Amino acid sequence: MNGSGTIPGVVYGRAGGSLAGAGWAQKDAARIGASGERLTAEVLDPLAKRPGGVTVLHDLDIPIPGFKANIDHVVVAGSTVTIIDSKVWRPGVYRTRDGVTKRGFRVAEFADKKTLQAACDGFRRHLVRHELADVTVRAVLVAWSTHPVWPVLFAGYEPAGAVAAAGWRFRLSPARWVGSGTADSRIVTALLPLVRK
């Protein structure tokens with residue numbers, strides 16, 4: 001991309017928005033999940049406010065017909081789209097071996113979902129339909145700890161189709177994970193209809 005049509009950094013949508021209407025049975029999980037999304041937003045939103053900052057979009061539909069899951073955050077930096085899934089997990093060391101992820105010695109099935117891999121494919125196809133085939137699409141899973149002191153640590157954790165960032169590490173250097181630079185306006189225009197109202 002030639003970088004023409006760039007716009008200053010902007011924040012669209014609301015972090016944790018889709019979790020606000022959860023039913024009573026899911027209320028506690030929704031509250032915890034929304035807190036993780038807000039923590040990630042607290043790190044991302046200031047990046048958009050810098051001169052020439054990135055554009056941040058919160059709470060987007062995955063552009064795959066019939067797919068009910070959402071994407072928590074998308075950052076557009078130049079011609080790179082970073083899809084981010086925010087999680088809140090128990091502290092401990094997470095590692096993947098032979099396709100199975102464990103926290104300590106216990107299997108952590110929740111950590112082996114393939115949503116981000118499917119989302120990347122869906123976003124790539126969506127951008128190609130908007131004649132934006134030369135966009136880089138990548139995914140990051142950010143996991144915050146449920147404990148105020150004990151962290152989530154990754155030692156060879158391999159989420160499908162993504163890289164993993166412990167929340168504390170993500171907070172230290174967010175641009176390392178999402179890039180920097182003013183978003184290409186064509187990409188932002190293509191993604192805006194996916195932001196949930």
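In this predicted model, strand 5, residues 92-97, runs parallel to strand 9. Three bridges join the two strands. Within this pairing, Val93 stands opposite Leu153 of strand 9. Both strands belong to an open sheet of four strands. The order across the sheet is 7-6-5-9, and the pairing is mixed. Strand 7 (106-107) and strand 9 (152-154) stand at the edges. Each of these edge strands has a single partner strand, so one of its sides is left without a neighbour in the sheet. Strands of a sheet pair through backbone hydrogen bonds, and the direction is either parallel or antiparallel.

Strand 2 takes part in pairings with strand 1 and with strand 3. Strand 1 spans residues 11-12 and runs parallel to strand 2, with two bridges between them. Strand 3 covers residues 70-77 and pairs with strand 2 in the antiparallel sense, over six bridges. Val56 of strand 2 appears in both pairings. Val11 stands opposite Val56 in the parallel pairing. In strand 3, the bridge partner of Val56 is Val75. Strand 2 itself, residues 55-61, is mostly covered. Six of its seven residues are buried. Asp61 of this strand is partly exposed, with 32% relative accessibility.

Asp61 also takes part in a salt bridge. Side chains of opposite charge can pair when their charged atoms come close. The structure holds four salt bridges. In one of them, the side chains of Arg196 and Asp61 meet at 2.5 Å, N to O. Arg196 lies in the segment after helix 5 (185-191), whereas Asp61 lies in strand 2, so the pair ties together parts that are 135 residues apart in sequence. Arg196 is partly exposed, at a relative accessible area of 25%.

Another salt bridge joins the side chains of Lys87 and Asp85, with an N to O distance of 3.3 Å. Lys87 counts as partly exposed at 25% relative accessibility. Asp85 has a relative accessibility of 12%. Asp85 therefore counts as buried, the cut-off being under 20%. A further salt bridge links the side chains of Asp184 and Arg186 at 2.9 Å, N to O. Asp184 is buried, with 3% relative accessibility. Arg186 is partly exposed, with 38%. In the Lys87 pair the acidic partner, Asp85, is thus buried, while Lys87 is partly exposed. Asp184 and Arg186 likewise divide into a buried residue and a partly exposed one.

The second largest pocket has a volume of about 160 Å³. Its lining is made up of 14 residues. Closest to the centre of this pocket are Trp144, Ser145, His147, Gly167 and Trp168. Strand 8 (136-145) and helix 3 (167-172) are the elements that give two or more residues to the lining. By residue class, the lining of the second largest pocket divides into ten nonpolar residues, three polar and one charged.

Key. Residues numbered from 1 in each chain as written. Predicted model: local features only at pLDDT ≥ 70, side-chain atom pairs only at ≥ 80, totals over all residues. Heavy atoms only, no water. Pairing = 2+ DSSP bridges. Buried < 20%, exposed > 50% of the residue type's maximum accessible area, 1.4 Å probe, protein only. 1 Å grid on protein atoms, 1.4 Å probe; cavity = no way out; pocket = protein on both sides within 12 Å on 5 of 7 lines; lining within 4 Å. Points joined across faces, edges and corners; volume = space filled by probe spheres on them. Nonpolar A, V, L, I, M, F, W, Y, C, P; charged D, E, K, R; others polar.
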